[in-house]
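Let's take a walk through this one together, starting at a helix pair and working outwards. Have the viewer open and follow along.

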2 protein chains.
Amino acid sequence: MNGLAFEDLKVGQRVKSERYHVTEEAILEFARQYDVQAFHLDRAAADASLFGGLAASGWHTAAIAMHLFTTGPMRFEDGAIGLAVDELRWPTAVRPGDAMRLETEILELRPSRSKPRFGVVRIRNILRNQKNETVLSYIASAMVRRRSGAGN
Amino acid sequence: MNGLAFEDLKVGQRVKSERYHVTEEAILEFARQYDVQAFHLDRAAADASLFGGLAASGWHTAAIAMHLFTTGPMRFEDGAIGLAVDELRWPTAVRPGDAMRLETEILELRPSRSKPRFGVVRIRNILRNQKNETVLSYIASAMVRRRSGAGN
């Protein structure tokens, strides 16, 4: 196996990703497809809004975090199948030109009750911008493959 | 004002969106950009995975729900600024060709403590496919504009 398995993980383990640069065009493109609100689509409307300038959709920010997670140092054999996300927060807006980095911490590990070949990992993901401000944080549970264990 | 304001909302109010059709190409395109895992990118790998076939990224599904929310019947004057999401779940995978509809229910309404011109609305969003299976559900809090109230 090339990727990580459940057995490779430890509670308290932390990893950091590379930086992801977001452009104004990417913010506008995501918003046009998925979050059609003026403060994500139009600079003048964004300036007049509570954001005080163009800001990425919160779902775009979450998608960027997933990009960094799936291309980062904690890559799993057969991937990580998301089960649940809680405590999703966006304390600071993402702006054009921001360079973000994802920090992942393992909070909990347990065997899957229903799938003996999988374990459930609970992580905290924190996405920070170049000023070290948190732009996104959440707790996620996902199923990852075990090396041992029979059946599916 | 053309859109809804905080004063127009009632606890218990429910609205339904139109249907959103997702294609295999859209699933692959989102995954290539944001969720680079084999079961979202490649049909053979997806067949061999726990999904048993190509499935949309959970973050793509969430983005589709936001598209339906921001283009649907509950459109707010000056938009809805997301504060928090909890209890995000993906009980059933989204497949190529699925046609999904969003149901939104208002759970709670309160004035914003920090921004007198805004109210905070707490909603439950449930996204269902054409078989009426829930593919996504979550609870969200967002700030929306009040008609009355001074300052920002």
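At roughly what angle do the axes of helix H4 of chain A and helix H4 of chain B cross? Keep in mind that this is a predicted model. In it, the two H4 axes cross at roughly 170° and come within 10 Å of each other. Angles over 145 degrees count as roughly antiparallel, so that is how H4(A) lies relative to H4(B).

Now look at who touches whom. From H4(A), the residues in the contact are Trp59(A), Ala62(A), Ala63(A) and Met66(A), and they meet Trp59(B), Ala62(B), Ala63(B) and Met66(B) of H4(B). Sort the residues of this contact by class and you get eight nonpolar, no polar and no charged.

Stay with H4(B), which covers residues 58-70 of chain B. Does its length add up to a regular helix or not? At 1.5 Å a residue, its 13 residues should span 18 Å, and the end C-alpha atoms are 18 Å apart, so the two agree. This helix is also mostly covered, with twelve of its 13 residues buried. Among them are Gly58(B), His60(B), Ile64(B), Leu68(B) and Phe69(B), as well as Trp59(B) and Met66(B).

Pick out Ala65(B), which sits in H4 of chain B. It counts as buried because it has 27 C-beta neighbours inside 10 Å, and 20 or more is the cut-off for that. What does Ala65(B) contact, leaving aside its neighbours within four places in sequence? The partners are Leu102(B), Asn125(B), Leu127(B) and Leu136(B). Lys115(B), on the other hand, is 50 residues from Ala65(B) in sequence and 27 Å away in space, C-alpha to C-alpha.

Zoom out to the whole contact between the chains. Chain A puts in 29 residues and chain B puts in 29 residues. On the chain A side, the elements that give two or more residues are helix H1 (24-34), helix H2 (38-41), H4 and strand E2 (80-89). E2(A) gives the most, with eight residues. By class, this side has 14 nonpolar, ten polar and five charged residues.

How are the two copies related? A turn of 180° with a shift of 0.0 Å along the axis lays chain A on chain B with an RMSD of 0.0 Å. The copies are therefore related as by a two-fold rotation axis. In chain A, the C-alpha nearest that axis belongs to Asp86(A), at 2.3 Å. Finally, 100% of the interface residues of chain A are also interface residues in chain B, so the copies meet through the same surface.

Notes. Residues numbered from 1 in each chain as written. Chains lettered and ligands numbered in written order. Predicted model: local features only at pLDDT ≥ 70, side-chain atom pairs only at ≥ 80, totals over all residues. Axes fitted to C-alpha atoms, helices over the stretch in contact; angles between N-to-C directions. Helix = DSSP H or I, 4+ residues; strand = E, 2+ residues; numbered from the N terminus. Parallel < 35°, antiparallel > 145°, perpendicular 65-115°, else oblique. Contact = placed C-beta atoms within 7 Å. Nonpolar A, V, L, I, M, F, W, Y, C, P; charged D, E, K, R; others polar. Expected span 1.5 Å × (residues − 1). Least-squares fit on C-alpha atoms with pLDDT ≥ 70 in both.
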